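Work through the exercises below with the sequence and the model open. Each task is followed by a solution in steps.

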Amino acid sequence: MNNALVAGAIFAVTYLIITTDKVHRTVVAMAGAVGMILLRVIGQDKAFLAIDFNVIFLLAGMMIIANIMRTTGVFQWVAIRSVKIAGGDPFRILVVLALLTAVFSAFLDNVTTVVLIAPITLYIASGLGINPLPFLIAEILASNIGGTATLIGDPPNILIGSAARLDFVTFAANLTPVAIIILVVFLITARFLLFNSLKSDAHSVAAIFEIDEAKVITDHRLLRKSLLVLCLTIIGFLVHGLLHYQPATVALFGAVVLLLLSGHDPHDALREVEWTTLFFFIGLFILVGGIVEAGLIGALARGALALTHGDLTSTVFLLLWLSAILSAIVDNIPYTATMIPLVQDLGQYMQIAPLWWALALGACLGGNATIIGASANVIMASIADRAGYPIRFWEFVRYGGLVTLESLLISTAYIWFFYLR
């Protein structure tokens, strides 16, 4: 049987089962990955090469750092301060958390940001006596919007920047303005989408205001060590390109240093790592590797772009929307890697700059459409599930789909106005 048909069938069935929420997504992804290998769509060696271990070990390293920091009480301190700054109003708290998430996602990667922001959010929601899902969903969407703004905010941007030889300043100058516009529109939309589920208990709010946040810090010495390591890790993320290290190396270095400095039992630190999430990513990478190996993504992209007959405007807009749609279904890292040679080829016949920005905006913003569309989404969903608040596939699509649509409309207008008219 044709490998492309087999790969397409395995991927479609796997994705369909994930959307039903009947079987845990990690089990489904791993089963699909094993199916790709057993049916010889992709060999085991190539399947393992398809796993992006930079993402896996970046996540593992940051989870270890976050788990050790959690024992100091610092997340509770930030949570209480956030509630007080927002005056106890749930929507203002959502805005504060979303803004923090977006800004941090622009200068860290958005995966690291949600690992750090999720514990704060869960503590706030517990203290206010409300469902944390509106906050968590808003943070997922904000993380992908913020990550779009800079070269280091989202992995597709790193790939594009490397291929196109674009530096941090160039990326920020071209994409930060549109990311800010999209973020503002998203927060306005969130006011109507999520407000009704943000009713807090007045007594719970009053109780939080009575807490002295300084007293929730349980280990000042470990806190100082943790903050030092976190700051050094963040600096490492900012300059990793200059040092020629991958983000995973920086994260693992920070995790090892903090384990050594803290004397923390590694069994405890590793026990709290979201292993189900890491194995979901492993399964997803192999699944996508299978359909890439079978040529499905490349064939679809080439066929779609052939429809424009070399017209720059049509090609740019098709690339933007196609990238968003496919990035909502498959992981945007292998998708972007597949598209880069096609964009470079198109650049021989037309202006290439708008094509790069269309690819970046589509790949990053399209991840907001589904709960498995971006790494940050999967991480947040796993943390929420572990806390007893599962984010259902179609529940997320109801919010993420609308935000993605408005983001793409804004991006379309932005690209046309600044690059095509």
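Helices here are DSSP runs of H or I with at least four residues, numbered from the N terminus. The model is predicted.

**Exercise 1. State which helix gives the most residues to the nonpolar surface patch.**

Step 1. List the members: Val-103, Phe-104, Phe-107, Phe-168, Val-169 and Leu-238 form a nonpolar patch of about 540 Å².

Step 2. Assign them to helices. Helix 6 (90–107) and helix 10 (168–193) each supply at least two residues, while Leu-238 is in helix 12.

Step 3. Compare the contributions: helix 6 gives the most, with three residues.

Step 4. Check one member for exposure. Patch residues need over 30% relative accessible area; Leu-238 has 43% and is partly exposed.

**Exercise 2. Compare the end-to-end distance of helix 7 with the span expected from its number of residues.**

Step 1. Helix 7 covers residues 110–128, which is 19 residues, and at 1.5 Å a residue the expected span is 27 Å.

Step 2. The end C-alpha atoms are 26 Å apart, which agrees with that expectation.

Step 3. Look for a bend. There is a kink of about 30° at Ile-117, shortly before the proline Pro-119.

Step 4. Consider the surroundings and the end of the helix. Of the 19 residues, 16 are buried, and just after the helix Gly-129 has a positive phi of about 70°.

**Exercise 3. Describe the length, bend and packing of helix 18.**

Step 1. Helix 18 (residues 332–346) has 15 residues; from first to last C-alpha it reaches 20 Å, close to the expected 21 Å.

Step 2. A kink of about 30° is located at Met-339, shortly before the proline Pro-341.

Step 3. For burial, the cut-off is under 20% relative accessible area. In helix 18, 11 of the 15 residues are buried, including Tyr-335, Met-339 and Leu-346.

Step 4. Find the packing partners of these buried residues: helix 4 (53–70), helix 9 (155–164), helix 15 (275–293), helix 16 (296–306), helix 17 (312–329) and helix 19 (353–365).

**Exercise 4. How many salt bridges does a search of the whole structure find? Analyse three of the pairs.**

Step 1. The search finds four salt bridges.

Step 2. Take Glu-293 and Lys-46, whose closest N and O atoms are 3.1 Å apart. Glu-293 is in helix 15 and Lys-46 in helix 3 (residues 44–50), so this pair ties together parts 247 residues apart in sequence. Both partners are partly exposed, Glu-293 at 39% and Lys-46 at 46%.

Step 3. Take Arg-271 and Asp-268, which meet at 2.7 Å, N to O. They are three residues apart in helix 14 (residues 266–271), and about one helical turn separates them. Asp-268 is partly exposed at 34% relative accessibility.

Step 4. Take Arg-386 and Glu-274, which meet at 3.2 Å, N to O. Arg-386 lies in helix 20 (residues 375–386) and Glu-274 in the loop between helix 14 and helix 15, so the pair ties together parts 112 residues apart in sequence. Arg-386 is partly exposed at 44%, whereas Glu-274 is buried at 10%.

**Exercise 5. Place Leu-227 and give its distance from His-267.**

Step 1. Leu-227 is in helix 12 (residues 220–243).

Step 2. Its relative accessibility is 36%, so Leu-227 counts as partly exposed.

Step 3. Leu-227 and His-267 are 40 residues apart in sequence, and their C-alpha atoms are 22 Å apart.

Technical notes:
Residues are numbered from 1 along each chain as its sequence is written. This is a predicted model: local features need pLDDT of at least 70, side-chain atom pairs count only at pLDDT 80 or more; totals for chains, interfaces and linings use all residues. Side-chain values use heavy atoms; hydrogens and water are left out. The expected span of a helix is 1.5 Å times one less than its number of residues. The bend at a residue is the angle between axes fitted to the seven residues ending there and the seven starting there. Buried means under 20% relative accessible area, exposed over 50%, partly exposed in between (1.4 Å probe, protein chains only). Patches are made of residues with over 30% relative accessible area and no salt bridge: like charges are joined within 9 Å, nonpolar side chains (Val, Leu, Ile, Met, Phe, Trp, Tyr) within 5 Å. Accessible areas come from the Shrake-Rupley method with a 1.4 Å probe; for residues, only the protein chains shown count as cover. A salt bridge is a side-chain nitrogen of Lys or Arg within 4 Å of a carboxyl oxygen of Asp or Glu. Contact means heavy atoms within 4.5 Å.
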